[in-house]
Amino acid sequence: MFLFWLNFLYWCSRYAFVKDRVSDTLVLFQPYRAQKIVLDIWAGLEERGLAIACICLKGRQLGISTLTELAVAHRVQFRRNVNAIIGSSDPGKSTEMSKMVEVCWANQPWWLLPTITVHKRGEQIEFGNMNSGVSVQHGSQFTGIGRGTTPSTIHLSETASFLNAEELIDASLLGAFHESPDRFMVLESTAEGNSGWWYDTWHQALSMWPR
C-alpha cells in the first residue's frame, strides 16, 4: 500500500483504467509522450520542495486532462484530509471530467479503494473515513469556485472559456490555495485568441517561471 501512495505512475499504470481514445474501451493507463513531459515537470517541482502548481496551455488530444484527473484521483484515494476541486467551463464538461475519476474508482480492486461514504454523481464523492473527497464545480456558476473552503488539490480545465475567471478563480479559488509542498493545482486550457484573462495569466506565469 505504501508503494501505491508513494509512486503515482506505479499505481496508475497497473490499476487506473481510462477510456481508450480510439476504441472507447477501458484500458490501463500508459502515458503518452506529452504526459511524460508533464510528469517530469511535476517531479521537478516536487524535488525542489515546491507545490505542484502549473498553468498549461495545451493542444487537443494530448491527454493532459486525463493525466491530471488521475493525479487528483490518486491523491484523494491514498491521502488523508484532501479537499479536491475539479471543474471545466460548463456543467456538462465538468460532469464529463468527473466521469474519469468515477470510472477509475469503479474499476479499482476492492482491497485498494477506501469506503465511499458520499457519492452524488457529477457533484461530489467522499471517503469519509479518510476525510478526503472531490467536489465538481464549473466556470459558468455565479459564486466563486471553492469559496468558503481551503482546497488542497485543484484541476480546472478549459479555463479560457470561464465566464468570469477573475472572480471565480483569481478572487475566490487562488486566494484559498496555500502553496505548501503537498499542494497540487493544474489550470489548463487550449488557447482562445490573443487577449483576455487566460492569455494574460499564461503570459504572466511564463514570464515569472524562472523565479
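**Accessibility first.** I'm calling a residue buried under 20% relative accessible area, exposed over 50%, and partly exposed in between. The model is a predicted one, so I'm reading computed values throughout.

**Asn-131.** I looked up where Asn-131 sits: it is in the loop between β6 (124–127) and β7 (132–138). Its relative accessible area is 54%, so I put it down as exposed. Its phi is near 55 degrees, which is positive, and the residue isn't a glycine. Worth a note, as most residues other than glycine have a negative phi.

**Glu-158.** Here is another positive phi without a glycine: about 50 degrees at Glu-158. I found Glu-158 in the loop between β8 (153–157) and α6. Buried or exposed, I wondered about Glu-158? Buried, since the relative accessible area is 11%.

**Asp-182.** Next I went to the loop between α6 (165–173) and β9 (184–189), where Asp-182 is found. Its relative accessible area is 39%, so I logged it as partly exposed. Which residues does Asp-182 touch, if I skip those up to four places away in sequence? I got Arg-75 and Arg-79. Asp-182 and Arg-79 are 103 residues apart along the chain, yet their C-alpha atoms are separated by 10 Å. I also noted a polar contact of 2.7 Å between the side chains of Asp-182 and Ser-180.

**α2 against α4.** I checked how helix α2 (residues 8–15) and helix α4 (residues 64–78) pack: their axes come within 11 Å and cross at roughly 105 degrees. Angles of 65 to 115 degrees count as roughly perpendicular, and α2 and α4 therefore get that label. On the α2 side, the contact is made by Phe-8, Trp-11 and Cys-12. The α4 side brings in Leu-67, Leu-70, Ala-71, Ala-73, His-74, Gln-77 and Phe-78. By type, I have 8 nonpolar, 2 polar and no charged residues in this contact.

**Cores.** The largest nonpolar core has 37 residues. Phe-8, Trp-11, Trp-42, Leu-70 and Trp-105 have the most contacts inside it. Which element gives the most to this core? It's α4, with 8 residues. I then pulled the contacts of Trp-42, leaving aside neighbours within four places in sequence: Ile-52, Cys-54, Leu-67, Thr-68, Ala-71, Phe-184 and Val-186. Apart from the largest core lies another one, of 13 residues, including Ala-165, Leu-168, Leu-187 and Trp-198. As background, nonpolar side chains tend to be buried together in soluble globular proteins.

Note on methods: Residues numbered from 1 in each chain as written. Predicted model: local features only at pLDDT ≥ 70, side-chain atom pairs only at ≥ 80, totals over all residues. Heavy atoms only, no water. Axes fitted to C-alpha atoms, helices over the stretch in contact; angles between N-to-C directions. Helix = DSSP H or I, 4+ residues; strand = E, 2+ residues; numbered from the N terminus. Parallel < 35°, antiparallel > 145°, perpendicular 65-115°, else oblique. Contact = heavy atoms within 4.5 Å. Nonpolar A, V, L, I, M, F, W, Y, C, P; charged D, E, K, R; others polar. Buried < 20%, exposed > 50% of the residue type's maximum accessible area, 1.4 Å probe, protein only. Polar contact = N/O pair within 3.5 Å; in protein donor to acceptor, adjacent residues only side chain to side chain. Core = buried A, V, L, I, M, F, W, Y, C linked by side-chain atoms within 4.5 Å.
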